[in-house]
Amino acid sequence: MTVDVHAHTSYSDGSGIPLMVDAAEAAGLDAVGFADHCSLSEAWRDERLLWNRNFDRTHERRREALAIAADRTDLTLYDAVEMDYEPELEPAIGAFLADADFDYAVGSVHYVAGRQVFPFESFDDASGAERRAFVDDYYDAVVALVESELFDVLAHADLVENHPALRGLTTDAHRERVAVACANSRTVPEINAGRAGDRGEFDLFHPTEPFVDAFRDRGVRFVVGTDSHDPEDFADRVPRLERYLDETGVEPLPVDALLGDSPRAAE
Ligand SMILES: [Zn+2]
Ligand SMILES: [Zn+2]
């Protein structure tokens, strides 16, 4: 593994650029893509301001910073984004991405109808049927994300598996729908190590093994992301991902495929 397509900086909820670049280099990477969180959600406009989550306004400054950082390292740095996807926001996201002109765009479903996929959201009072309905809605959004053709990368396809109350509710039918959508799209799923290891909730790569198999059965290829937020994440996750790639035989798609218009050959 030489390229990590998914890391964060202090332009969203990660650490300072110099610390992240040094740590990526120390972990043996040749290239790292910084994909800071970006949301255009009006519903959380106030929260975004309060928590300084304004990458839609600060991405040009980060671009200047990455140019400075690139002069100080041998690493290749990519200027990317991790965009919150909502079906209703497609026109706004499309206009924003066309204008911002990132090296590539990562799309994520982090919430559905205002409810977060993460463990800090309680589903304790939700019935089994409600949980299953939420997971159905989550995968509807993932399929819509892929079919929108707005993104180069689909992040952590089965993020719901990270939630204790939603884990295990992903079905073959969900996996099949997402895999078929990706097989027919320019959007490439990511192997994401963000929840693997000691620092994650579970020792979990996204997507889980049956999901990876569903993609591979349809000739879909992957890119690889550590989802590092802190410098020490690289040292932990890069070797983990290397072992994972060794064991599974997954060969990541060269990152050049995200940057140009070249067709993405099947594995
Ligand atoms: Zn994410
Ligand atoms: Zn991320």
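A pocket here is an open set of grid points, on a 1 Å grid over the protein atoms alone, with protein on both sides within 12 Å along at least five of seven lines. Everything below describes a predicted model.

**View 1. The largest pocket and what lines it.** This pocket has a volume of about 900 Å³. Its lining takes in 33 residues, and Asp-13, His-37, Arg-53, Phe-118 and Phe-120 are the ones closest to the centre. If you want to trace the walls by element, look for strand E2 (31-38), helix H2 (45-50), strand E3, strand E8 (188-195) and helix H8 (231-248), each of which gives two or more residues to the lining. Sorted by class, the lining comes out as 13 charged, 12 polar and eight nonpolar residues.

**View 2. The zinc ion (ligand 2) and its four donor residues.** Here His-6 and His-8 each offer NE2, while Glu-82 and Asp-227 come in through OE and OD, at 2.1 to 2.2 Å. What makes the arrangement irregular? The angles that the four donor atoms subtend run from 83 to 168°, so this set doesn't pass as a regular geometry; to count as tetrahedral, four donors would need all their angles between 85 and 135 degrees. Along the sequence, the donor residues follow the spacing H-x1-H-x73-E-x144-D. Two of them bring distant parts of the chain together: His-6 sits in strand E1 (residues 3-7) and Glu-82 in strand E3 (residues 76-84), 76 residues apart. His-6 counts as buried because its relative accessibility is 0%, and Glu-82 is buried too, with a relative accessible area of 1%.

**View 3. The zinc ion (ligand 1) and the shared glutamate.** The protein donors for this ion are His-110 (NE2), His-156 (NE2) and Glu-82 (OE), and they lie 2.1 to 2.2 Å from it. In sequence, the spacing reads E-x27-H-x45-H. The two histidines link distant parts of the chain, 46 residues apart: His-110 is in the loop between strand E4 (104-108) and strand E5 (111-112), and His-156 is in the loop between strand E7 (153-154) and helix H6 (172-183). Both His-110 and His-156 are buried. Which residue ties this ion to the zinc ion (ligand 2)? Glu-82 coordinates both, and the two ions are 3.6 Å apart.

**View 4. Backbone oddities in three loops.** Start with His-156, one of the zinc donors. Its phi is near 20°, a positive value in a residue other than glycine. This histidine counts as buried, given its 1% relative accessibility. Next comes Asn-52, another non-glycine with a positive phi, about 55° in this case. You'll find Asn-52 in the loop between H2 and helix H3 (55-71). Last is the peptide bond from His-206 to Pro-207, which is cis, with omega near -10°. Pro-207 belongs to the loop between strand E9 (204-206) and helix H7 (209-217).

**View 5. Stepping back to the whole chain.** To place the close-ups, count nine helices and 10 strands in the protein chain. The radius of gyration is 17 Å, close to the 18 Å that the globule rule gives for 267 residues, so the chain is as compact as a globular protein of that length. Its C-alpha atoms fill a box of roughly 55 × 45 × 35 Å along the principal axes. Of the 267 residues, 55% are buried.

Definitions and conventions. Residues numbered from 1 in each chain as written. Chains lettered and ligands numbered in written order. Predicted model: local features only at pLDDT ≥ 70, side-chain atom pairs only at ≥ 80, totals over all residues. Heavy atoms only, no water. Donors = N, O, S within 2.8 Å, 3.2 Å for Na, K, Ca; no water. Tetrahedral: all angles 85-135°; square planar, octahedral: opposite > 155°, others 65-115°. Helix = DSSP H or I, 4+ residues; strand = E, 2+ residues; numbered from the N terminus. Buried < 20%, exposed > 50% of the residue type's maximum accessible area, 1.4 Å probe, protein only. 1 Å grid on protein atoms, 1.4 Å probe; cavity = no way out; pocket = protein on both sides within 12 Å on 5 of 7 lines; lining within 4 Å. Points joined across faces, edges and corners; volume = space filled by probe spheres on them. Nonpolar A, V, L, I, M, F, W, Y, C, P; charged D, E, K, R; others polar. Rg over C-alpha atoms; globule rule 2.2 N^0.38 Å.
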